[in-house]
Amino acid sequence: MSSTVRTAIVTGAARGIGAAVAKRLAQDGLQVAVLDLDADACADTVSAIEAAGGKALAVGANVADEESVAAAVEKVATELGEPTVLINNAGITRDNLLFKMTVDEWDSVMAVHLRGAFLMSRATQKYMVDNKFGRIVNLSSTSAQGNRGQVNYSAAKAGIQGFTKTLSIELGKFGVTANAIAPGFIETEMTAATAERVGVPFEDYKKAAAAQIPVARVGKPDDIAHTASFLASEGAGFVSGQVIYVAGGPKD
Ligand SMILES: NC(=O)c1ccc[n+]([C@@H]2O[C@H](COP(=O)([O-])OP(=O)(O)OC[C@H]3O[C@@H](n4cnc5c(N)ncnc54)[C@H](O)[C@@H]3O)[C@@H](O)[C@H]2O)c1
């Protein structure tokens, strides 16, 4: 094991799964760039990391915007360290049935998940290649297998799986791995918003979801952080191009 202090970027890290992953990577000894649309919204995640003795930097950026991504990655490289771990976690939902879905709902989901993961990976890969070390972890979803009302999101999350496999093929010889985590139901503001949209109290919505899950509970952001920690670790260098379903059962 090397004692090099690595720098990670976690996108969408102001809250939810991204915040949990950022805190966990900091606990693992990495410096963490906490990236989200609004730098101020990253303050809670950054202070939690600093209070625990870690080092973090709040970065405001839109992952779907090429210039914003270039500026953000440059800021991380100069103010924190060369980023060699990237967690592409930023995401949105714009659910609707196909016949009602607008072009804007389709395009905005594609832009954040797919263009975002592409832009962030392209902007950081040179640091990984230079350092002959890199770990890219992309957030897919069980929705990649199809989910009513999410034709845009499920297409994006299935796309993330192909994107991940190709990254692993292109970057492997430079010491860079790429893997995807496909979470099932995780309790966050995203799933709370879905419950609200379908008009079910969140507690009832979680109970109904848990009844369908073999481990008989819904997931927590820390369940995903634990898997991301493994995939980002030095020791996981022979695991690449994989999609790990973290869904409390064999949902793939
Ligand atoms: N919660 C679940 O059950 C679940 C299941 C499967 C996959 N996921 C995926 O996990 C990831 C995190 O989900 P979550 O539940 O924590 O969501 P969340 O809505 O709680 O958090 C997402 C974060 O991403 C940020 N974000 C959105 N667009 C952005 C952009 N263009 N640039 C930068 N940041 C942006 C938001 O501001 C927010 O802080 C997403 O990719 C989501 O699709 C979640």
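## Around strand β6

A180 stands opposite V243 in β7. That pairing belongs to β6 and strand β7 (residues 243-246), which run parallel and are joined over four bridges; two strands count as paired if DSSP finds at least two bridges between them. Strands and helices here are DSSP runs, numbered from the N terminus (helices are H or I with at least four residues, strands are E with at least two). Before going further, a word on the model: it is predicted, so local features need pLDDT of at least 70 and side-chain atom pairs count only at pLDDT 80 or more, while totals for chains, interfaces and linings use all residues. Residues are numbered from 1 along each chain as its sequence is written, and side-chain values use heavy atoms, with hydrogens and water left out.

On its other pairing, β6 is joined to strand β5 (residues 134-139) by six bridges, and the two run parallel. L139 has I181 of β6 as its bridge partner. To get from β5 to β6, the chain passes through helix α5 (residues 151-171), and this β-α-β crossover is right-handed. Right-handed means that, with the strands pointing away from the viewer, the path from the first strand over the helix to the second runs clockwise.

How much of β6 (residues 176-183) is buried? Eight of its eight residues are, so the strand is largely enclosed by the rest of the structure. Buried means under 20% relative accessible area, exposed means over 50%, and partly exposed is in between (1.4 Å probe, protein chains only). V176, A178, A180 and A182 point one way from the strand, while T177, N179, I181 and P183 point the other way, and all are buried.

## Strands β2 and β3, and K23

Strand β2 (residues 31-36) also has a parallel partner: strand β3 (residues 56-60), with five bridges between them. V34 is matched with A58 of β3 as its bridge partner. Add helix α2 (residues 43-51) and you have a right-handed β-α-β unit made of β2, α2 and β3.

K23 sits in helix α1 (residues 16-27) and is partly exposed, at 37% relative accessibility. Leaving aside neighbours within four places in sequence, K23 is in contact with T45, A48 and I49, where contact means heavy atoms within 4.5 Å. E67 is another story: K23 and E67 are 44 residues apart in sequence and 27 Å apart in space, C-alpha to C-alpha.

## Salt bridges

A search of the whole structure turns up 10 salt bridges, each being a side-chain nitrogen of Lys or Arg within 4 Å of a carboxyl oxygen of Asp or Glu. One of them joins E189 to R15, with the closest N and O atoms 3.1 Å apart. This pair links distant parts of the chain, since E189 is in helix α6 (residues 189-198) and R15 is in the loop between β1 (7-11) and α1, 174 residues apart. E189 is partly exposed at 49% relative accessible area, and R15 is partly exposed at 48%.

What about E79 and K75? Their closest N and O atoms are 3.3 Å apart in a salt bridge. The two are four residues apart in helix α3 (residues 66-79), so about one helical turn separates them. E79 is partly exposed, at 46% relative accessible area, and K75 is partly exposed too, at 30%.

E187 and K206 also form a salt bridge, with 2.7 Å between the closest N and O atoms. Here E187 lies in the loop between β6 and α6, while K206 is in helix α7 (residues 202-211), 19 residues apart. E187 is partly exposed at 24% relative accessible area, whereas K206 is buried at 10%. Both belong to a network of salt bridges linking E187, E203, K206 and K220.

## T194 and a surface patch

Back in helix α6, there is T194. T194 counts as buried, with 15% relative accessibility. Outside the neighbours within four places in sequence, T194 is in contact with D95 and Y205.

Out on the surface, L98, W106 and V151 form a nonpolar patch with about 290 Å² of accessible area together. Patches take residues with over 30% relative accessible area and no salt bridge, joining like charges within 9 Å and nonpolar side chains (Val, Leu, Ile, Met, Phe, Trp, Tyr) within 5 Å. The areas come from the Shrake-Rupley method with a 1.4 Å probe, and for residues only the protein chains shown count as cover. L98 is in the loop between β4 (83-88) and α4 (103-131), and is exposed, with a relative accessible area of 65%.
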